[in-house]
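This report describes selected elements of secondary structure and the way they pack and pair. The sequence and the structure are shown first.

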Amino acid sequence: MRTTMAICRREFKAYFNSPVAYFVIAIFLVMVGVLFFIPFFSQDRVSMRDFFGLAPFLFVFFAPAITMRLVAEERRSGTIEMLITMPVRDVDVILGKYMASVGLLAVALALTLPYAFTIAAFGPLDFGPVWGGYLGLLLAGAAYLALGLLASSLTENQIVAFVVALFLSMLFLMVDKFTIFLPAFLSPWVEYLGFGKHLDSAVRGLIDTRDVVFFLSFVVICLFLAFRSLESRRWR
Amino acid sequence: MTAIETMIEVKNLTKRYGNVRALDAVSFEVPRGQVLGFLGPNGAGKTTTMKILTCFIAPTSGEVRVAGLDISEDPLGIRRRLGYLQETAPLYVDMRVREYLDFVADVRGIAVDAKDKALARVVEVCGLGDVRDKEIRTLSKGFRQRVGLAQAMIHDPSILILDEPTSGLDPNQIAEIRELVKSLGRERTVILSTHNLTEVQATAGRVIIIHQGKLVADGSPEELESSRGGARYDVVLAAPGGGVAAVKEAFGRVEGVRGVDAAESGRGGEVDVTVHGDAREDLRAQIFKAAVDKGLVLLGLGRKQVDLESIFRRLTTADGAAGKEAH
């Protein structure tokens, strides 16, 4: 646990030692601002719902940007060997890095809170669904980040990690829109695996246990695969 | 814990990458308080051995115990007891030296109250005082190497594994690191991988040479020089009547001679003879007498000590043949 936290702290600091964190957060905030507020003023409703619907699409780009470096860069530079030959388990490495990426996403999300307070000034805003929506976003974001970390653990090249994570994130987000092209017996499965259906209730500010279970299982599976991928160096 | 005298024990270690045998049934032991020079040409299997000792990769077969612990059973226990400096010392270049060492101390589980002392010690020993607050990316190769060394020593490990610690350093820095390795080797077990022979002679009490994944020599530099090297005599004779065979026979009888090679020199009327003998004796007088006894005309006679470098070259250039002769 102690080593996991030490690795997490280092990674988190590393984000802010490089331009990554600032770029990701700034561009995320600007895009949310533009894409959310322009339609907001043309409609007569005080709600964060459009933001919660929009953010998962932005995550498709931002989560891979956050995670692409995590393992790939350490493998390229050889620091992974320095790290793992200390008394550190492969699990600690994966978990520490993952927690740091979730931390950065949480910071980015927390910085959108002023938007909620801003629109609350225009009329009564029900904060119940807002907190629910944020929790849903954090869960979905956690799933994207786990996928991104998995992609990063498969290669030494950050760009490859980014593109693979982008593709997979897009696939999981959109796949349920294409079920009509699939044989009927597959549709319910694909629909279940896609993020779309699980995001629906979160957008409305509701937290459904089944969706929580889905996202958390998704995270666990991705992290487990990332762990296996890191560990596979031993047997090659 | 009782003192374990054999710190590293490697038995029949084999590692295959696909079809390539990187290590082939390598066995050796290292006692406490020894600096072991691990020699071999590039690609011989030195780094692979170190990666296995540090439990970074698993062997294909064989038994390895470090500090009495089995690598497959207690990799974390082993890593706690050893410090490792990789070749080229990769570091987190976005961190400051002090910050980085602090991180290493945290991961190594050094208690908060002992941390400052541990940090101060390695900063002092590795001469990092002036660069403590600099970002690692701005440091020269020599300083990075020292930061890597500080990283490997921060927890005062009983075993140090150093993979080419002096590569890329200037002569002054090389001398400093060698001094440091020597002083570390007084109480600790140090494995020093290198392809630099002077380095081994300057620091190591024992040498292992590996070539194409096989162990081809094991002993102190002096032992290797006397057993595998010895002395070589270059003799030039005026072409004798009995031909080359007679020459071989004449010198072969001399006491202390281990082998004789003779061949027409090509200069016309001369024969070049190479006589191999023991390093500790000087056989020049006997060779001269043997020549006189047989009526051979001696045109030249010289003695050369065969040093570690020639041994290394002989063992690591002949494909595979050297490996077979070793065991």
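## Helix crossing in chain A

In this predicted model, H6(A) passes H8(A) in a right-handed crossing. The two helices span residues 90–110 and residues 127–153 of chain A, respectively. Two packed helices are described by the angle between their axes and the distance between the axes. The axes of H6(A) and H8(A) come within 10 Å and cross at roughly 140°. H6(A) is therefore oblique to H8(A), since only angles over 145 degrees count as roughly antiparallel.

On the H6(A) side, the contact is formed by Ile94(A), Tyr98(A), Ser101(A), Val102(A), Leu105(A), Ala106(A) and Leu109(A). The residues they meet in H8(A) include Tyr134(A), Leu137(A), Leu138(A), Gly141(A), Ala142(A) and Leu149(A).

## Parallel strands around S7 in chain B

Strand S7(B), residues 159–163, is mostly covered, with 5 of its 5 residues buried. The burial extends to both faces of S7(B). One side carries Ile159(B), Ile161(B) and Asp163(B), and the other carries Leu160(B) and Leu162(B).

S7(B) runs parallel to strand S6(B), residues 82–85, and 4 bridges join them. In this pairing, Leu82(B) stands opposite Ile159(B). S7(B) is also joined to strand S8(B), residues 189–194, by 5 bridges, again in a parallel arrangement. Here Leu160(B) stands opposite Val190(B).

The connection between S7(B) and S8(B) involves helix H6(B), residues 171–184: the three elements make a right-handed β-α-β unit.

## Antiparallel sheet in chain B

Chain B also contains an open sheet of 4 strands in the order S2-S1-S4-S5, with antiparallel pairing. Strands S2(B), residues 20–31, and S5(B), residues 69–70, stand at the edges. Each of these edge strands has a single partner strand, so one side of each is left without a neighbour in the sheet.

At one of these edges, S5(B) pairs with strand S4(B), residues 61–66, in the antiparallel sense over 2 bridges. Within this pair, Val66(B) stands opposite Leu69(B).

## Helix across the sheet

Helix H1(B), residues 46–53, lies across S1(B), S2(B) and S4(B). Its direction is at about 120° to S1(B), the strand that spans residues 6–17.

Note on methods. Residues numbered from 1 in each chain as written. Chains lettered and ligands numbered in written order. Predicted model: local features only at pLDDT ≥ 70, side-chain atom pairs only at ≥ 80, totals over all residues. Heavy atoms only, no water. Buried < 20%, exposed > 50% of the residue type's maximum accessible area, 1.4 Å probe, protein only. Pairing = 2+ DSSP bridges. Right-handed = clockwise from strand over helix to strand, strands pointing away. Axes fitted to C-alpha atoms, helices over the stretch in contact; angles between N-to-C directions. Parallel < 35°, antiparallel > 145°, perpendicular 65-115°, else oblique. Left-handed = near helix turned anticlockwise from the far one by under 90°. Contact = heavy atoms within 4.5 Å.
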